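I opened this notebook page to keep track of what I looked up in one structure, going from the whole chain to single residues. The entries are in the order in which I made them.

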Amino acid sequence: MTRVGGGDAVDTEEPESRTVPAAPSRRVATAVVTAEAPAREWRGRQQPAPPAGEARRPPRRRRRMPAALVLLRPRQWIKNIFVLVAPLALDPAALLRHPGEAAAAVVAFTAASAAVYVLNDWLDRERDRLHPVKRHRPLAGGRIGPFGAALLGLTCLAALAVSASFLPGAAQAAIAGYGVINLAYCLALKHHALVDVSLVASGFVLRAVAGCVAVAAPFNPALIICVYCTCLLLSLGKRRHELAAAELLGQASAQRPALAGYSVPLLDQLMTLLLAATLISYEMFVLSASHPHAAVLAVATVPFAVFAVCRYVQMVAVRSSGGEPGRDVLTDVPLVINAVLWLACLAAGRLL
């Protein structure tokens, strides 16, 4: 049996049973529940009356984030650390030499991506109402109107203009390119399979390029290729998650027209291809470093790289994750431990 909640398909076949006390009483009473039962079901049941003389506490209300802030998707801002990824990998000292430019680049891409989110939600508000999760977005749910969303988008563009004025011309060109491809994505290209994920991955490449240019860090083609392949792998994983969830509801093409051009077997094959391309480009990047122990470092760190991409594919294919790649990657304990060990190995190699 399968149940669907929040866009995730969860297998609930043959759950393990356990016995818990139903309520404090003189008579022994038990209630059998499944180990898979969510905690919210227990919180929703009737609680025993408090002892005489003890006041009943009012239930806590969950605070809702302001609709304007939700529309800007602050949880997605973590993606803009890709501005710092390339400089950190190529020349960490460049960030110390140009901290203002690095911060301005992060703010500029944060403002640009927030403006894109506003535009995308404004254009998709009718389609989002058909999605089990996206229907709760501020525009689709009616918590904010089109005029308020437009005003918020203009504010983001103003912040973008101010922050970009502190950057060199090449970095401004990268930000402008990011705006152009995302405008094309929102207006038409997001409805075309393969084109949509390619543009998303290209946005991360432009982040990395802008970060290098902003702090005058060297340019490494192998690293840029690795960034593109990694982000394309994450984007395909997200499409696989969306397709699997939408097929259960029978609304794949209604929620996202591009899903009509995908199938789960196709996405599995493409993810396998991108897994190999990501690993090859990573090894090319490490081997191309001007370091006396580059070959040793490439061999020593390849297990971490292999585990990272294989773990993500496992999360998507087995655990039905991938709906929010950034959150899924940063909250998965094995991936976090692997990343810490990976970075420690790279740092130790630089000190040799």
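What follows are my entries on the overall make-up, the salt bridges, a pocket, a surface patch and a few single residues.

**Entry 1, the whole chain.** I note at the outset that this is a predicted model, and I read every value below as computed from it. I counted the secondary structure and found 16 helices and 4 strands in the protein. The protein has 352 residues, and 39% of them count as buried. For the surface I noted an exposed area of about 19800 Å², of which carbon and sulfur atoms supply 65%. I also looked at how contacts are spread along the sequence: among contacts with a separation of 6 or more, 67% are between residues 24 or more positions apart.

**Entry 2, salt bridges.** I asked how many salt bridges there are in the model, and the count comes to 11. I followed several of them one by one.

Arg-75 pairs with Glu-324, and the closest N and O atoms of this salt bridge are 2.9 Å apart. Arg-75 is in the loop between helix H2 (67–71) and H3, while Glu-324 is in the loop between H14 and H15, so the pair ties together parts that are 249 residues apart in sequence. I recorded Arg-75 as exposed, since its relative accessible area is 58% and the cut-off for exposed is over 50%.

Next I looked at Lys-190, which forms a salt bridge with Asp-124 at 2.6 Å between the closest N and O atoms. This pair also links distant parts of the chain, with Lys-190 in the loop between H9 and helix H10 (195–214) and Asp-124 in the loop between H5 and helix H6 (125–128), 66 residues apart. Are these two partners buried or exposed? Lys-190 is buried, with a relative accessible area of 4%, and Asp-124 counts as buried at 10% relative accessibility.

I then turned to Arg-239 and Asp-196, whose side chains meet in a salt bridge at 2.8 Å, N to O. Arg-239 belongs to helix H11 (residues 221–249) and Asp-196 to helix H10, and the pair links these distant parts of the chain across 43 residues. Both Arg-239 and Asp-196 are buried.

Finally I noted a network of salt bridges that links Arg-73, Asp-121 and Arg-137.

**Entry 3, two residues with positive phi.** I came back to Arg-73 for its backbone, because its phi is near 50°, a positive value in a residue other than glycine. Arg-73 sits in the loop between H2 and H3, and I listed Arg-73 as buried, with a relative accessible area of 17%. Leu-194 also has a positive phi, about 75°, although it is not a glycine. I placed Leu-194 in the loop between H9 and H10, where it is partly exposed, with a relative accessible area of 44%.

**Entry 4, the second largest pocket.** I looked up its volume and wrote down about 400 Å³ of space. The second largest pocket is lined by 19 residues, and those closest to its centre are Ala-115, Val-116, Leu-119, Gly-153 and Leu-157. Which helices each supply at least two residues of the lining? They are helix H5 (99–123), helix H8 (146–164) and helix H9 (169–187). The largest share of the lining comes from H8, with 7 residues.

**Entry 5, a nonpolar patch.** On the surface I found a nonpolar patch of about 310 Å², made by Ile-78, Ile-81, Val-85 and Leu-330. I checked Val-85 separately: it lies in helix H3 (residues 82–90) and counts as partly exposed at 30% relative accessibility.

**Entry 6, two serines.** Ser-235 is in helix H11, and I recorded Ser-235 as buried, with a relative accessible area of 9%. Leaving aside neighbours within four places in sequence, Ser-235 is in contact with Val-197 and Val-200.

I found Ser-321 in the loop between helix H14 (294–317) and helix H15 (325–331). Ser-321 is buried too, since its relative accessible area is 14% and the cut-off for buried is under 20%. Not counting residues up to four places away in sequence, Ser-321 touches His-241, Met-315, Val-316 and Asp-328.

Conventions. Residues are numbered from 1 along each chain as its sequence is written. This is a predicted model: local features need pLDDT of at least 70, side-chain atom pairs count only at pLDDT 80 or more; totals for chains, interfaces and linings use all residues. Side-chain values use heavy atoms; hydrogens and water are left out. Buried means under 20% relative accessible area, exposed over 50%, partly exposed in between (1.4 Å probe, protein chains only). Contact means heavy atoms within 4.5 Å. Patches are made of residues with over 30% relative accessible area and no salt bridge: like charges are joined within 9 Å, nonpolar side chains (Val, Leu, Ile, Met, Phe, Trp, Tyr) within 5 Å. Accessible areas come from the Shrake-Rupley method with a 1.4 Å probe; for residues, only the protein chains shown count as cover. A salt bridge is a side-chain nitrogen of Lys or Arg within 4 Å of a carboxyl oxygen of Asp or Glu. On a 1 Å grid over the protein atoms alone, a cavity is a set of points where a 1.4 Å probe fits but cannot get out, and a pocket is an open set with protein on both sides within 12 Å along at least five of seven lines; lining residues have an atom within 4 Å of a point. Grid points are joined across faces, edges and corners, and a volume is the space filled by probe spheres set on the points.
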